[in-house]
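Let us take a friendly walk through the charged side chains of this structure and see where they pair up. Have a look at the sequence and the model first.

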Amino acid sequence: MIDRRLHAGTGIKGATKVDATSDKSGNVAKKKRLRDAEATKLRILEAAKSDFAKNGLGGARVDVIAAKANANKRMIYHYFGSKDGLFQTVVENAYMDIRTAEQKLHLDDLEPRDALERLVRFTWQYYLKNPEFITLVNSENLHRAKHVKKSELIKTASRKFVAMVSSILERGVSSGDFRAGIDPVQLNITIAAIGYYYLTNRFTGSIIFERDLMDKGALDQRLEFNIDTIMRLVRA
């Protein structure tokens, strides 16, 4: 005689095993969807950074960005809400990238003079390696910083950066290397400006001054000039 209870028990165990396998497969599929979604967002942001840097907010087109990202326009609106929302994310990421890189310099571990020289050198090299940062900032200024105004991340990171430069100046005053009374914000603006202006005017400057401003020798000379200018500015 067949014991039905045995078969019933086997059925329950089998069902439990099937459910567990199903749950595991579901979790794997969910993780894959999340990875795919993140990969799509990254492709969109990279394509958008390139197109916005080249054409600005007004000239960039969502369909072109979608095609470059191997995505569809619907996904752009799903993730970012609008072209304006996408531009804000791109600009925010651009600022956060340079602010994060500056913090990684560990300038507080260096002597004040070395720290300031390293910051000037880094800023110049960052602009050279990331030309899209300059064009994105130009575009945002054309729109009167309406996207930056909305970003608490940028504001917080920028305050942290100013505090870091302020600390370098204070340590330099204490060591007798720097003169007192230097505004860290004004110093930051000057460090940025002496590299930013040179690079944004490289084409017209090369014609007006009759030299190739992007020649390696010219770039090296400019970096040394930038360092010398800033160090003279703060010297005690």
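Helix α4 covers residues 83–103, and both E102 and R99 lie in it, three residues apart, which is about one turn of the helix. This is a predicted model, and in it E102 forms a salt bridge with R99 whose closest N and O atoms are 2.6 Å apart. Are these two partners buried or exposed? E102 has a relative accessible area of 2%, so it counts as buried. R99 has a relative accessible area of 15% and is therefore buried too, as buried means under 20%.

Helix α5, residues 112–129, offers another pair within one helix: R121 and E117 are four residues apart there, again about one turn. Their closest N and O atoms are 3.1 Å apart in a salt bridge. Here the surroundings are described in other words. R121 has a relative accessible area of 27%, which makes it partly exposed, and E117 is partly exposed as well, at 29%.

Now for a pair that reaches across the chain. K68 forms a salt bridge with D51, with 3.5 Å between the closest N and O atoms. This pair links distant parts of the chain, since K68 belongs to helix α2 (residues 62–68) while D51 belongs to helix α1, and the two are 17 residues apart. The partners sit in unlike settings: K68 is partly exposed because its relative accessibility of 49% is not over 50%, whereas D51, at 4%, counts as buried.

D51 deserves a closer look. Its place is in helix α1, which spans residues 4–59. Which residues does D51 touch, leaving aside its neighbours within four places in sequence? The contacts are G56, A60, R61, V64, I65 and K68. K68, the salt-bridge partner of D51, is thus one name on that list.

Here are the three pairs side by side.

| Salt bridge | Closest N and O atoms | Relative accessible area of each partner |
|---|---|---|
| E102 and R99 | 2.6 Å | E102 2%, R99 15% |
| R121 and E117 | 3.1 Å | R121 27%, E117 29% |
| K68 and D51 | 3.5 Å | K68 49%, D51 4% |

How many salt bridges does the structure hold? The count is ten. Beyond the pairs in the table, E46, K49 and E132 are linked in a network of salt bridges.

Technical notes. Residues are numbered from 1 along each chain as its sequence is written. This is a predicted model: local features need pLDDT of at least 70, side-chain atom pairs count only at pLDDT 80 or more; totals for chains, interfaces and linings use all residues. Side-chain values use heavy atoms; hydrogens and water are left out. Contact means heavy atoms within 4.5 Å. A salt bridge is a side-chain nitrogen of Lys or Arg within 4 Å of a carboxyl oxygen of Asp or Glu. Buried means under 20% relative accessible area, exposed over 50%, partly exposed in between (1.4 Å probe, protein chains only).
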